[in-house]
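Q: Could you take a close look at one part of this structure for me, namely one of its two chains, and then show how the rest fits around that part? I'd like a connected account.

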Amino acid sequence: MLRLEKRASPSVFWERASPFLAVALTMVAGGIMFWILGKNPFEAIRTIFWDPLFNDQFAAYSRPQLLVKAAPLILIAIGLSLGFRAGIWNIGAEGQYIMGAIFGAAAGLAVYPVESRLIFPVMIVAGAFGGFLWAMIPALLKTVFRTNEILVSLLLVYVAQNILAMMALGALRNPEGGGFPGSRNLSQIPSMANPELVAGTGMHWGVVAAFMAVIAGYILLQRHILGFQIKLAGQAPKAARFAGVSPARLVVMCLGISGVLAGLAGVFEVTGPAGQISIDFNVGYGFTAIIVAFLGRLNPVGILFAGLLMALTYIGGELAQLMLGLPSAAIQAFQGMLLFFLLGTDLLTNFRVRLAKREVA
Amino acid sequence: MFGGIDPALLIAALMVNSVPIMLAATGELVVEKAGVLNLGVEGMMIMGAICGFVTAVVTGNPYFGFVGGALGAVALSAVFGVLTQVLQTNQVATGLALTLFGLGLSSLIGQSYVGIKPPATGDLALGPLADIPFLGVAVFSHDWMVYASILLVAGVWWVLKYSRMGLVLRAVGESHEAAHALGYKVTRIRFLAVLFGGALAGLGGAYVSLVRVPQWTDGITAGAGWIALAIVVFASWKPWRVLAGAYLFGGISVLQLNLQAAGSAIPVEYLSMAPYLITILVLVIMSSGRGKAALAAPACLGQNFHASR
């Protein structure tokens, strides 16, 4: 009979090792899923994790994509990880991402066709502000009325999607688009575009922002009093209150920061890779970022690598769709599975698994 | 503005529309009464929707469909049960994982079922009752699930309030340490509660794909699971208020659909975001002031239990 014994302090080894174990277990379970779908599991895993980086034929296209897809995931996940550490669950990043994109695009399109170097920075600020505003709704409801932030932030995603549809069909629709839904193509307007900075790398301003967020997140958690308060509130809420940490301030800060970062991710996406506001330009980065945050162990450096790995599953998934006819939904299930294994293997960090004889209770 | 909307048909549609959230919310209420917060209702519902749909199409029998839907969601809830109860994972994160995984897996299973019509779930023959003017159309001409879901609410209310089983379940949710000291198997009871919640969420999901829509599209539950979670808070963890909450939200979504169909002056997007906004509004009202929903919550809600002795 196996018995669980609580460790006096979390195991440092397993804290580092458990994400790798989880990825390995997901590959096995995912392989079984692909096998059930009638695909060769080894070929499928190789197509997802190896070919995008090293296949002669595809790598040239897919390597730059890695940064393009990882940037929004990392940006959003860094913000979410702060809240998750403090026990503040913002799961509506998808909504904040959409609102960031709408605010950013609207700021730019409002002055069209004026050309100025100032427009792009203004759009970025507007996007960050849009995400911030949308995150402040659950934050203020939580602090003033003690309303559950999990439900409010999630429900606001559906509201944001409706606003997006309204914008794509109405206010932001391209007047020269022949009545088709969707805004002007921002990536083709020089003063609003978020271009590839170094050809062939996929590096755009969003990637730069993601790297900056990783560094800022690291400094915040290691060196700043706010980071200390976040960690304290998560690990020992009572001690935090005695130490004078204001829970309300923490809620506003954590949701505010994650809203700003999600909004930034939205505006960089809509001015670059996505190109325009359309009904379905958002592809669920806000939800996948939750997995990224956990895969990175809520640690900024970990999130950097987790974001790259998750981006790889997106790109590899597309490749597997093309080459093996693997349905795109399989990748979504695969990513969900990864989160299960991550949470499950976390057990090894906090508990010892012991073989024990059954005792009389 | 209400021109062209028949009140009897409106009530009839309301009763049908509120079934999925009523079932899912009743299941989640039992789970939360046992002290477990399962945020994966949306994922379990959509698994119920697709498993129910596939079973019904394959067997040609809608009743098997409901059984299949319940079993599919129970399987998913068992994953949640093992992770949170045995492997001690964080309940919030695991619930989210359940939803993300359920959405992916359901659309994977459902690929070859898009555009198919499921076998029809017939209306229950209530004889002369269905001939009563107004009430006959509004209340007495529905399929059996509509009535079964109301009976289920009544059953859950009775069990929680008057039976020994209900008392033990509530004890586990209010103080797992005390329940454990008295010799109750906290983990086992919670695991069974999670499975029950899964079964009801699955039935609710199957109702969406078999009766309410009835066909399969990706993401067919469209946030109903999250609204069900909100209804549990709205109901202050009381079964009869779940019924009231489900009818309230069923009514709002029916009304907005009718207004859309009637070509109201309000833009479609405002109407379709209304149910979510009103849910938020109700949550705010319930959690502030005298309502203070948090006071009614089971004391051990969301806390993991590990028997160290």
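A: For chain B, the globule rule for 309 residues gives a radius of gyration near 19 Å, and the chain has 19 Å, so chain B agrees with what a compact globule would show. Keep in mind, please, that this is a predicted model. Along the principal axes, the C-alpha trace of chain B spans about 65 × 50 × 40 Å. Half of the chain is on the inside, in the sense that buried residues make up 50% of its 309 residues. As for secondary structure, chain B has 13 helices and zero strands, and read from the N terminus its elements run α-α-α-α-α-α-α-α-α-α-α-α-α. Contacts that reach far along the sequence are common here: of those in chain B between residues at least 6 apart, 77% join residues at least 24 apart.

Now for the partner. In chain A, 15 helices are accompanied by two strands. Its 361 residues would give a compact globule a radius of gyration near 21 Å; chain A has 22 Å, so the value agrees here too. The C-alpha atoms of chain A fill a box of roughly 80 × 55 × 35 Å along the principal axes, and 52% of its 361 residues count as buried. Among contacts in chain A between residues at least 6 apart in sequence, 78% link residues at least 24 apart.

One helix pair within chain A deserves a stop. The axes of helix H4 (residues 59-86) of chain A and helix H13 (residues 300-324) of chain A come within 7 Å and cross at roughly 135°, which makes H4(A) oblique to H13(A). The crossing of H4(A) past H13(A) is right-handed. On the H4(A) side, the residues that meet H13(A) include Leu66(A), Leu73(A) and Ile78(A), while H13(A) contributes, among them, Ile303(A), Leu308(A) and Ile315(A). Sorted by type, the residues of this contact are 16 nonpolar, four polar and one charged.

Finally, how do the chains meet? 39 residues of chain A are in contact with 40 residues of chain B. On the side of chain A that touches chain B, the elements giving two or more residues are strand S1 (2-6), helix H6 (119-145), helix H7 (149-169), helix H12 (285-295) and helix H14 (328-345) of chain A. The residues on that side of chain A divide into 29 nonpolar, seven polar and three charged.

How values were computed: Residues numbered from 1 in each chain as written. Chains lettered and ligands numbered in written order. Predicted model: local features only at pLDDT ≥ 70, side-chain atom pairs only at ≥ 80, totals over all residues. Contact = placed C-beta atoms within 7 Å. Helix = DSSP H or I, 4+ residues; strand = E, 2+ residues; numbered from the N terminus. Nonpolar A, V, L, I, M, F, W, Y, C, P; charged D, E, K, R; others polar. Rg over C-alpha atoms; globule rule 2.2 N^0.38 Å. Buried ≥ 20, exposed ≤ 12 C-beta atoms within 10 Å, placed from the backbone. Axes fitted to C-alpha atoms, helices over the stretch in contact; angles between N-to-C directions. Parallel < 35°, antiparallel > 145°, perpendicular 65-115°, else oblique. Left-handed = near helix turned anticlockwise from the far one by under 90°.
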